Amino acid sequence: MPLQQGSARVRQRTVLLLGMVVLLAALVLAVVLASLLTHGRHEDGPKMLKWKDRGTTKNLQEVVLGRCYNYITAQHPELGDKDCLKIWESLKDAFIYKNPCNITPEDYQPLMELASHPIPCNKSLFWSKTGDLVHRYTKSNQNFLTLEDTLLGYMADRISWCGDPSAPGINYESCPKRNECESNPSSVFWKMASKMFAEAACGVVQVMLNGSVEAGAFRSSSIFGSVEIFNLNPDKVSEVHIWLMQDIGGPQSESCSGHSIQRLISILEERNFKIICEDNYRPVQLLQCVHNPDHTDCRLCTNSTAIL
């Protein structure tokens, strides 16, 4: 009997040990399977779309909020009632988690309404292919404002943003260029902001164009040529002054009598605007001469105004 009882106990221990081994093996197998399945889901998840332009500006929220607060407190305290947090949220909502080729004007409408403000008459200054010069001029002469000197333009100048349907909803690696898709976040934003800026213009308005561009100073495909010019209101704008600036010592590709400028004048006349065109508007040319003081263009004064 004792021998039989001992054998039974051994068998029981063996069965128990085998059961524990099987249970342990099952647990290990479950962990491995779970890890493989989780890893598989991660690898097969949606990828960020790849584009040709730079991605969303790093620390975009901090950049936009910082610019907004600086604009309404230090530069234009009369706009102190603007809510920068709401403005940022409306910008973010316009593109986050959205396909960057399917942005619509309606996406930006809340932002436009929150950030808009009056533009004083006689101060609106439009431009095309003269970005560096025109902004140096408005910094030295507070009598004029470009779009980039408004709250909307100041916040968005030289930064980029776009969304993506996959997490985290913002693409920091790349954003689409205009030639990849027309309805991208940047193009839609600047067209809407430009339209609003043109609609607000009143009194005498100015436009600075580049007379050293070989293809012509006025281009119908530019924002000025396709959006702003057609949203100026003849009932509010009394005159359009064209400043045709040529590079100091650079090519003089076009003057006020040039082909593209005459095409611009024709469009403006059809819309019942009075036009004044001036080659190398002297106050702006003097700013150009800061870097070229000894050039003959900077030593000679010429009267080049043409009233049309």
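Helix α2 covers residues 60-75, where a helix is a DSSP run of H or I with at least four residues, numbered from the N terminus. Its 16 residues should span 22 Å at 1.5 Å a residue, and its end C-alpha atoms are 21 Å apart, which agrees. The expected span is 1.5 Å times one less than the number of residues.

This is a predicted model: local features need pLDDT of at least 70, side-chain atom pairs count only at pLDDT 80 or more, and totals for chains, interfaces and linings use all residues. Residues are numbered from 1 along each chain as its sequence is written, and side-chain values use heavy atoms, with hydrogens and water left out.

Buried means under 20% relative accessible area, exposed over 50%, and partly exposed in between (1.4 Å probe, protein chains only). In α2, L60, V64, L65, C68, Y71 and I72 are buried. They fall within an arc of 130° seen down the axis of α2, so they line one face of the helix. The arc is that of the directions from the helix axis to the C-beta atoms. On the other side, E62, T73 and A74 are exposed. Cover for the buried residues includes α3 (84-95) and α6 (151-156).

S194 sits in helix α7 (residues 185-200). S194 counts as buried because its relative accessibility is 3%. Contact means heavy atoms within 4.5 Å. Leaving aside neighbours within four places in sequence, S194 contacts L147, I223, V227 and E228.

Most residues other than glycine have a negative phi. Two residues with positive phi follow.

| Residue | Phi | Loop |
|---|---|---|
| K129 | near 60° | between β2 (125-128) and α5 (131-140) |
| R158 | about 65° | between α6 and β3 |

Strands are DSSP runs of E, at least two residues. R158 counts as exposed, at 62% relative accessibility.
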